[in-house]
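Here's a quick tour of one model, written to be read with the coordinates open. Have a look first, then follow along.

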Amino acid sequence: MSAFLIALAVLVGGYFIYGALVDRIIGTSASTPMPANTRADGIDFIPMPTWKVFLIQFLNIAGLGPIFGAIMGIMFGPAAFLWIVFGTIFAGAVHDFLSGVISIRMGGASLPEIVGRELGPGIKQVMRAFSVILLVLVGAVFVLTPADILAGMTPDWLDRTVWIAIIFTYYLLATLLPIDKLIGNLYPLFGFALLFMAVGLLAYLLFSGIEIPVNFSDGLANRFSSDPASHPVFPMMFVSIACGAISGFHATQSPMMARCLTNEKLARPIFYGAMVTEGIVALIWAAAAIAFAGGYEQLGEYMAAHGNSAGALVNEISITWLGTAGGILALLGVVAAPVSTGDTALRSARLIVADFMNLSQKSLLKRMAVCLPIFGATFLLMFIDFNVLWRYFAWSNQTLAVFTLWAVTVYLARKHKAYIVSLCPALFMTAVSVSYLLFARSPEGFGLPLPVAIGAGIAVATIFLALFLRWKSTADVKPILD
């Protein structure tokens with residue numbers, strides 16, 4: 001229990017101490033012109049209340065990541081606690097916060113436009129394609145997951161196909177309608193539900209007398225009983241636990257809320273704060289999973305008996321610890337969370353394509369013209385095996401974080417600010433992403449020996465650092481690859 005309490009305290013303290021430091025470095029100001037006012041269009045650029053923007057941002061970035069990812073990631077042992085805490089404070093929250101602030105200062109620009117301005121037009125084109133592909137992958141993944149769950153909970157005539165059609169219809173509406181309509185009204189409800197569920201589990205962990213069997217004295221090796229060699233903590237854990245520590249997907253969502261904020265000084269509680277909140281939720285679920293099962297071996301056996309799906313464990317923990325109300329909250333968490341991530345992923349894809357085409361989104365017909373190809377691609381991707389989709393999403397997600405962190409680093413360097421706060425996580429995540437791609441087995445990886453993969457990851461990170469330092473010493477006012 002002491003490890004859990006210390007981790008929780010460090011996370012909260014990280015927001016007030018390190019978050020304030022990063023805020024001071026970027027220099028948020030109440031006088032900064034806000035896109036919600038300067039570019040108001042009644043569709044995407046709409047001033048919204050701070051509490052509502054926070055809950056939408058939290059639900060946008062959360063999805064199932066801090067729940068399913070944390071449950072499966074705790075099998076990496078106590079190292080998972082360390083990654084959730086320090087990854088959130090020094091990497092994920094910095095990534096989300098600074099990308100959100102830069103978007104504000106670029107008039108609500110989407111991620112590829114931000115990265116392209118800092119890293120050059122060639123990288124911008126790569127990022128446009130990469131971001132849209134990732135977002136379509138998210139949309140496809142988060143149609144299938146809730147459709148399967150709902151089909152198992154409803155009468156036979158409401159089968160998987162029917163639920164896919166219903167979810168697709170909702171996604172289309174949420175992507176097309178002004179952000180303050182469906183998303184603005186539904187997300188706060190779902191966000192409160194997720195937070196209440198997390199608070200309920202936290203209270204049970206603290207006051208029920210249950211033991212959280214996380215013992216750092218046994219070392220930081222993974223706790224997988226079958227084929228542990230395929231799950232080295234580095235780099236596998238840092239990709240498996242993404243949304244609870246750092247996720248490139250988040251930087252595609254920050255611009256959406258950057259278009260709705262009314263004061264730049266609110267950026268830290270919205271962007272840094274939402275990420276810390278997600279880290280807390282991930283920490284609670286990681287602790288709940290291992291405490292409920294009674295140990296790593298028991299958790300591994302439970303997961304194996306349920307097809308390595310965290311859904312059954314989420315449902316059982318919620319009902320056992322929180323009663324009937326917990327079951328209702330579990331339904332919201334397991335179904336509404338992926339749905340709320342899928343719809344904003346596809347909405348972000350629309351915004352990125354519209355920015356690329358310089359196409360105004362005031363007209364419904366123009367929004368439809370952008371949406372239809374995106375939804376067509378999403379539909380086709382659903383025919384690919386879900387496990388393959390998820391593995392590609394996991395790697396591309398962290399690779400997107402690499403691009404974002406390097407762009408943020410260049411931005412800070414150009415502004416003569418302390419770029420070390422983004423440079424360190426940029427280097428680390430570069431090594432992680434390259435090592436994962438080389439080590440992971442087919443189809444998403446090359447299956448190379450672990451020492452070779454890690455060595456190559458470190459080498460690529462070193463090369464990127466050298467390129468950055470050379471650029472900074474010779475042309476620190478130009479894009480790094482211009």
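On the helix 17 side, Leu423, Leu427, Thr430, Ala431, Val434, Ser435, Leu438 and Phe439 make the contact. Their partners in helix 18 include Leu450, Ala453, Ile454, Gly457, Ala461, Phe464 and Phe468. Contact here means heavy atoms within 4.5 Å. Sorted by class, this contact has 16 nonpolar, 3 polar and no charged residues. For that sorting, Ala, Val, Leu, Ile, Met, Phe, Trp, Tyr, Cys and Pro are nonpolar, Asp, Glu, Lys and Arg are charged, and the others, Gly among them, are polar. Helix 17 covers residues 420-439 and helix 18 covers residues 450-474; they pack at about 145°, with axes 8 Å apart. The axes are lines fitted to C-alpha atoms over the stretch in contact, and angles run from 0 to 180 degrees between N-to-C directions. Helices themselves are DSSP runs (H or I, at least four residues), numbered from the N terminus.

A word on the source: this is a predicted model, where local features need pLDDT of at least 70 and side-chain atom pairs count only at pLDDT 80 or more, while totals for chains, interfaces and linings use all residues. Residues are numbered from 1 along each chain as its sequence is written, and side-chain values use heavy atoms, with hydrogens and water left out.

Now to the N-terminal end. Helix 1 (residues 2-26) has 25 residues and reaches 35 Å between its first and last C-alpha, close to the 36 Å expected at 1.5 Å a residue. The expected span is 1.5 Å times one less than the number of residues. Helix 1 also has a kink of about 40° centred on Gly14, the bend being the angle between axes fitted to the seven residues ending there and the seven starting there.

Past helix 1, Thr32 sits in the loop leading to helix 2 (35-38). Is Thr32 buried or exposed? Thr32 is buried, at 17% relative accessible area; buried means under 20%, exposed over 50% and partly exposed in between (1.4 Å probe, protein chains only). Leaving out residues up to four places away in sequence, Thr32 touches Ile104, Arg105 and Glu264. Thr32 and Glu264 are 232 residues apart in sequence, yet their C-alpha atoms are 6.3 Å apart.

Helix 3 (residues 50-62) is largely enclosed by the rest of the structure, because 11 of its 13 residues are buried. Among the buried ones are Lys52, Phe54, Gln57 and Asn60. Its end C-alpha atoms are 18 Å apart, which agrees with the 18 Å expected.

Ala93, in helix 5 (residues 79-105), is buried with a relative accessible area of 0%. Beyond its neighbours within four places in sequence, Ala93 contacts Thr88, Tyr272, Met275 and Val276.

For backbone oddities, start with the cis peptide bond joining Phe234 and Pro235, with omega about 10°; Pro235 belongs to helix 10 (residues 233-240). Then there are the positive phi values:

| Residue | Phi | Place |
|---|---|---|
| Gly27 | near 70° | follows helix 1 |
| Gly63 | about 55° | just after helix 3 |
| Asn358 | near 50° | loop between helix 14 (311-357) and helix 15 (364-381) |
| His416 | about 60° | loop between helix 16 (386-414) and helix 17 |

Asn358 counts as exposed at 72% relative accessibility, and His416 counts as exposed at 64%.

Conventions
Helices (H or I, at least four residues) and strands (E, at least two) are DSSP runs, numbered from the N terminus.
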